[in-house]
Amino acid sequence: MRDMPAEPARYLLWDVDGTLVFNGADAGNLYHEAVELAAGRTIADRMPNTHGKTDAQILAETLAHHGLPDTLRQAAALHLDELSRLRHERGEHRTLCPGADAALRAAAAHGWTNGLLTGNGRQRSAYKLAGAGLDLELIDWDRSFFGDTTLVRADLTRRAAAALDGPAVIVGDTPNDGVAADAAGFAFIAVATGAFARDDLAATSARVVLDDLQSGHGALLAALADLPAR
Ligand SMILES: [Mg+2]
């Protein structure tokens, strides 16, 4: 009996915040606290709108805004992980976006490998997803890309393009996810469960804009089926 040729690998790379889990009501506070702990003093005003940015980028911008040296960023990143762990252990969990679990399972059933491409670090991603009740086994953590040390989201997609042995698709909730997808030649699928409205996302390169992963379940699978295998 002849061996069947292996299915070519295809990767669906999911953003976390606003895509798989709803944004936290007070999510920006952790970056602020992490920088305060690294600096050893309180800092004034909070930074606005962090959506679509990597953790490294948000910490770097917060440090710069307050006139603090970027050499504190590594310490701030460690505090950020620790603050996330404490929040997780206190039971302060994110809410899973509707249809996220079913979308991951359906994509896998259609031959896609589910990975993450997120501005969060690995630990913070796991806390957010597990806290929201997602089965972490649905994610291939070795084919995931994390933004805890990468300042520019597009550098994450370019790293993914170099590392993966097949085409990838980005699923995300911000125009910056689209910019990052474009930079690596990846297709982009947008979902409007984050901070950006459908119209903002329709103005990107998105193949389709889903209101959410539940009502958009069929449209997601149809968009994936439409993509070339290579
Ligand atoms: Mg997001």
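In this talk I will go through the magnesium site, three helix packings and four individual residues of this structure, which is a predicted model.

Let me begin with the metal. The magnesium ion is coordinated by Asp15 and Asp173, each through OD, and by Asp17 through O, at 2.1 to 2.2 Å. Written along the sequence, the spacing of these donor residues is D-x1-D-x155-D. The pair Asp15 and Asp173 links distant parts of the chain, being 158 residues apart, with Asp15 in the loop between strand 1 (10–14) and helix 1 (28–39), and Asp173 in the loop between strand 4 (168–172) and helix 7 (175–184). If you are wondering whether these two aspartates are buried or exposed, both Asp15 and Asp173 are buried.

Now to the helices, and a word on how they are described. Two packed helices are characterised by the angle between their axes and by the distance between those axes.

I will take helix 1 and helix 3 to start with. Their axes come within 8 Å, helix 3 being residues 73–89, and they cross at roughly 130°; helix 1 and helix 3 are therefore oblique to each other, and the crossing is right-handed. On the helix 1 side the contact is made by Leu30, Tyr31, Glu33, Ala34, Val35, Leu37 and Ala38, while helix 3 contributes Ala75, Ala76, His79, Leu80, Leu83, Ser84 and Arg87. Sorted by class, the residues in this contact of helix 1 with helix 3 are 10 nonpolar, 2 polar and 2 charged.

Helix 3 also packs against helix 5, and here the angle is about 15°, with the axes 9 Å apart. Why do we call helix 3 roughly parallel to helix 5? Angles under 35 degrees count as roughly parallel, and the angle of about 15° therefore makes helix 3 roughly parallel to helix 5. The crossing of these two helices is left-handed. Leu80, Asp81, Ser84, Arg85 and His88 of helix 3 meet Gln123, Arg124, Tyr127 and Gly131 of helix 5, and by class this contact of helix 3 with helix 5 holds 2 nonpolar, 4 polar and 3 charged residues. Please note that Leu80 and Ser84 of helix 3 are listed in the contact with helix 1 and again in the contact with helix 5.

The remaining packing brings us back towards the magnesium site in sequence, with helix 6 (residues 153–163) and helix 7, whose axes come within 8 Å and cross at roughly 40°. Helix 6 and helix 7 are therefore oblique to each other, and their crossing is right-handed. The contact is formed by Arg153, Ala154, Thr157, Arg158 and Ala161 from helix 6, together with Asn176, Asp177, Ala180, Ala181, Ala183 and Ala184 from helix 7; in terms of class, there are 6 nonpolar, 2 polar and 3 charged residues in the contact of helix 6 with helix 7.

Let me turn to individual residues, starting with two that sit in helices. Ser125 belongs to helix 5 (residues 122–131), and with a relative accessible area of 0% Ser125 is buried. Setting aside neighbours within four places in sequence, Ser125 contacts Val16, Leu116, Thr118, Asn120, Trp141 and Phe146. Ala56, in helix 2 (residues 55–65), likewise counts as buried, at 0% relative accessibility. Beyond residues up to four places away in sequence, Ala56 touches Arg73, Gly147, Asp148, Thr149, Thr150 and Leu151. The C-alpha atoms of Ala56 and Leu129, which are 73 residues apart along the chain, are separated by 20 Å.

Finally, two residues from the loop between helix 1 and helix 2, namely Ile43 and Arg46. Ile43 is buried, at a relative accessible area of 8%, whereas Arg46 is partly exposed, at 41%. Leaving out neighbours within four places in sequence, Ile43 is in contact with His32, Val35, Glu36, Thr62, His66 and Leu68, and Arg46, counted in that way, touches Asp26, Gly28, Asn29 and His32. His32 therefore appears among the contacts of both loop residues, if one takes a contact to be heavy atoms within 4.5 Å. As for distances, Arg46 and Tyr31 are 15 residues apart in sequence and 9.1 Å apart in space, C-alpha to C-alpha, while the C-alpha atoms of Ile43 and Asn114, 71 residues apart along the chain, are separated by 39 Å.

Conventions: Residues numbered from 1 in each chain as written. Predicted model: local features only at pLDDT ≥ 70, side-chain atom pairs only at ≥ 80, totals over all residues. Heavy atoms only, no water. Helix = DSSP H or I, 4+ residues; strand = E, 2+ residues; numbered from the N terminus. Buried < 20%, exposed > 50% of the residue type's maximum accessible area, 1.4 Å probe, protein only. Donors = N, O, S within 2.8 Å, 3.2 Å for Na, K, Ca; no water. Axes fitted to C-alpha atoms, helices over the stretch in contact; angles between N-to-C directions. Parallel < 35°, antiparallel > 145°, perpendicular 65-115°, else oblique. Left-handed = near helix turned anticlockwise from the far one by under 90°. Nonpolar A, V, L, I, M, F, W, Y, C, P; charged D, E, K, R; others polar.
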